[in-house]
Structure formats: structure tokens, C-alpha cells
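Biologist: Could you walk me through one part of this model, the place where the chains meet? I am new to this, so please explain each term as you go.

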Protein chains: 2
Amino acid sequence: MSAVYEGALQDLVEEFGKLPGIGPKSAQRLAFHILQSESADVSALAQALTEVKKRVRFCDICGNVSEEAECTVCQDPRRDRSMICVVEEPKDVVAIERTREYRGLYHVLGGAIDPMAGVGPDNLRIKELMPRLQDGEVKECVIATDPNLEGEATATYLVRLLNSLGVTVTRLASGLPVGGDLEYADEVTLGRAFSGRRAMD
Amino acid sequence: MSAVYEGALQDLVEEFGKLPGIGPKSAQRLAFHILQSESADVSALAQALTEVKKRVRFCDICGNVSEEAECTVCQDPRRDRSMICVVEEPKDVVAIERTREYRGLYHVLGGAIDPMAGVGPDNLRIKELMPRLQDGEVKECVIATDPNLEGEATATYLVRLLNSLGVTVTRLASGLPVGGDLEYADEVTLGRAFSGRRAMD
């Protein structure tokens with residue numbers, strides 16, 4: 001799309017177009033929305049953008065997003081310090097927190113092992129995880145990487161590495177999604193559901 | 001989705017979520033993208049947002065977007081001042097400019113007549129159009145409102161209003177889209193294509 005808008009409007013269309021998942025048409029629609037929005041609303045967005053870069057950092061301990069040196073989970077005295085759940089990204093922490101099933105600590109790797117994208121174990125926060133598991137307080141390490149190729153590879157790598165530390169290493173269950181339809185489950189998921197079947201109480 | 005992020009990050013997720021076509025998941029993805037972007041890139045976006053509100057206004061004459069009292073089209077001495085093309089929105093000007101078929105002036109109505117949404121002729125820039133057509137220089141007024149219900153209603157209203165001014169009023173041709181497939185054209189479009197058929201040169 002050629003640059004037919006003038007100056008500031010074209011700049012904004014281009015800036016929006018750099019965001020992930022925003023194509024040229026969406027960028028144009030967003031720019032016109034901004035043009036017709038109240039100045040206060042636009043300032044709020046501009047302010048929120050700069051504040052995030054200024055204030056949000058990563059927790060020194062677990063790597064989750066935080067506005068202080070330690071995140072709210074790591075600081076919270078009510079969390080169960082005998083468990084650490086290993087996830088790929090900060091959004092996974094949010095997803096697990098939403099279940100209200102888990103009260104332990106987290107460790108955010110910052111991705112998964114993916115040789116095709118040049119991501120090896122050294123690019124992840126694995127060396128920061130080791131000392132946390134060796135302080136004697138942690139009893140269980142739950143591996144909650146994504147159930148895809150990269151996540152499984154990372155889980156396998158971690159299990160091998162951590163088994164020598166005397167900590168119980170567990171993996172989230174794979175199986176049929178709740179509310180799903182058995183008929184539509186893929187073979188791998190259905191196979192996992194079979195091999196992971198449980199005696200009914 | 002409950003607010004589980006902290007402070008600044010949650011603020012940004014909420015601000016992104018207010019934009020049209022950005023759902024909660026996209027807002028979250030965009031916020032994390034910003035968090036991981038270079039500070040300079042984020043500043044550029046924040047800057048572009050405030051600059052648009054500060055610098056972009058609407059042309060006093062035609063209502064198109066502009067950074068000065070008169071837009072570049074109205075200021076351009078090479079434009080054909082005997083023609084005015086009436087469109088709904090500034091993006092329509094961009095679309096027509098891209099064809100390079102039209103060298104006249106524009107008039108942006110700021111929408112179309114839509115009684116269901118409470119938009120009547122008085123809410124559009126129709127009263128600003130009238131004196132422009134009465135200066136004796138303009139010979140033709142091309143109505144280029146959208147070929148939908150509201151656009152057609154607006155065109156019909158304008159044709160009635162303008163016919164008394166001694167200016168030729170024309171409407172963009174409706175018909176089969178170029179590169180389209182006759183078989184897939186809807187009945188109304190195909191009907192228009194028939195009634196608008198031309199002798200081949």
C-alpha cells in the first residue's frame with residue numbers, strides 16, 4: 001500500500017502496521033479510530049505504552065513479569081515454597097493462576113528448546129532454575145511446558161537434568177480436554193488419554 | 001478475563017482492548033510484544049499516537065484529513081477544479097487516489113444517511129457542499145458513496161438536492177468486479193451490470 005496519507009497519520013498507520021497480527025487494513029482502521037478518539041483516551045494509551053517499558057521488568061528469582069525486583073508470587077508468604085512450576089512464558093503463569101488450583105512458586109524459562117529457531121538450553125533460564133531446586137526446601141518440580149514438539153523436548157531435557165537433584169519431577173497430564181468430544185480428539189491426544197487412564201474413585 | 005497482570009502491564013492490556021477489533025487475547029499478545037520491544041520502537045508508537053491528535057485535523061474546504069487548514073488536494077493547483085467527488089470517509093479519498101483515474105477535488109461527508117443509527121442529512125457535511133457547487137466553476141459532481149443501503153440512500157438524497165443547481169450529477173458505475181467470476185456475482189450486482197451494459201468500441 002503506497003503512502004497516500006500525510007505526515008503524522010501515515011506515521012501512525014506504519015507504527016500500527018509493525019505490531020504482530022495487524023495488517024495494513026487494520027493499521028489504517030486503528031489510525032482513523034485514534035484520529036476520532038478523545039485526546040484523553042489517546043494519551044492514556046500512549047502513557048500506558050511508555051509506562052510498561054519504564055516500570056515492568058522481570059522477577060530476579062522466577063523470571064515472571066514484575067514491577068519490583070521480586071514478583072508478587074515470589075514475595076507472597078502464603079505461597080507453598082515446596083513446589084516450583086516450570087512454564088515457558090509469563091502468560092502461562094497467568095493461565096495457571098486463573099485455575100486457582102496451584103499455590104506454589106513458578107519458574108519462567110522464557111521459551112522452549114527449538115533447534116530450528118536456534119533456541120538451545122543455554123538460551124533459557126535453566127541455569128537459574130538449578131540453585132532454586134537445590135536449597136532443600138523444594139520437594140516437587142512440575143513441568144508445565146506446552147504440550148507441543150518444543151515443549152515436550154524441553155520437558156524431556158529438564159526431567160533428565162533434574163532427576164539427579166532428589167526432587168520429584170512431574171509433568172502436567174495430557175488427555176481429553178474437558179467439554180470436548182471424544183470423536184474429534186486427535187490420535188495422539190486420545191492415545192495419551194488411554195495411557196494416562198485412572199482408576200475411578 | 002480477570003486482572004491478573006500487575007499495574008502497568010494490565011493497564012496496557014486494557015488500553016489495547018479498547019481498540020476496535022482487538023479482543024482480550026490480542027490485547028495480551030500486543031502488550032507482551034511491547035514489553036519485549038526496543039524502547040525506541042515503543043516511543044515511536046507512543047509519539048505517533050500523540051502527534052496524530054496534535055497535528056492532524058480536517059480540511060476546512062473538503063473535510064479530508066489534513067495537517068493544515070486546507071488539505072494537499074485542495075491546495076494542489078494541478079487538480080481539475082471543475083469536478084467534485086463526494087465520498088463518505090477520508091479512507092475513500094485514499095482508495096480513489098490510488099486508482100490514479102481521478103484528478104478533481106473531493107468532498108468528504110463524514111458518513112452516510114443511516115436513520116437506524118440516528119444519522120440524518122444534517123449530521124453530514126452536506127451544507128458545506130452546497131456553496132462549493134454554486135461558485136460556477138464546478139461542472140460535475142460525482143457521487144461516490146458506498147454501494148450499500150446507506151450509501152445508496154445518501155446518493156439518492158444528494159441527487160435530488162443537487163439537480164436544481166445546474167451541475168451534472170453522476171454516480172460511480174455498479175457492475176461486476178474486475179477479476180471476479182460471473183457465476184459468483186450476487187443477483188443485484190449482476191442485475192446492475194445488465195442495466196448498465198455498454199456498446200463495445
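Modeller: Happy to; here is a tour of the interface between chain A and chain B.

A word on the ground rules: this is a predicted model, in which local features need pLDDT of at least 70, side-chain atom pairs count only at pLDDT 80 or more, and totals for chains, interfaces and linings use all residues. Residues are numbered from 1 along each chain as its sequence is written, chains are lettered from A and ligands numbered from 1 in the order in which they are written, and side-chain values use heavy atoms, with hydrogens and water left out.

Let's start with who takes part. Chain A brings 51 residues to the contact and chain B brings 51 residues, where contact means heavy atoms within 4.5 Å. The size of an interface is often given as the accessible area lost when the parts come together. Here the buried area is about 4,700 Å², with carbon and sulfur atoms giving 71% of it; this is the accessible area (1.4 Å probe) that the two parts lose on being put together, summed over both. Glu6(A), Leu49(A) and Lys53(A) supply 14% of the area that chain A buries against chain B, more than any other three residues.

What links cross the boundary? The rule finds 0 salt bridges between chain A and chain B, a salt bridge being a side-chain nitrogen of Lys or Arg within 4 Å of a carboxyl oxygen of Asp or Glu. It does find 8 residue pairs in polar contact, both residues at pLDDT 80 or more. A polar contact is a pair of N or O atoms within 3.5 Å; within protein, one must be able to donate a hydrogen and the other to accept it, and residues adjacent in sequence count only if both atoms are side-chain atoms.

Now look at the elements on chain A's side. Those giving two or more residues are helix 1 (7-17), helix 2 (24-36), helix 3 (39-55), strand 2 (65-66) and helix 5 (90-99) of chain A. Helix 3 of chain A gives the most, with 13 residues. Helices (H or I, at least four residues) and strands (E, at least two) are DSSP runs, numbered from the N terminus.

Finally, the symmetry. A rotation of 180 degrees with 0.0 Å of shift along its axis superposes chain A on chain B, with RMSD 0.0 Å, and that is the relation of a two-fold axis. The fit is by least squares on the C-alpha atoms of residues with pLDDT of at least 70 in both copies. Of chain A's residues, Ala46(A) comes closest to the rotation axis, at 2.2 Å (C-alpha). Also, 100% of the interface residues of chain A are interface residues in chain B too, so the copies meet through the same surface.
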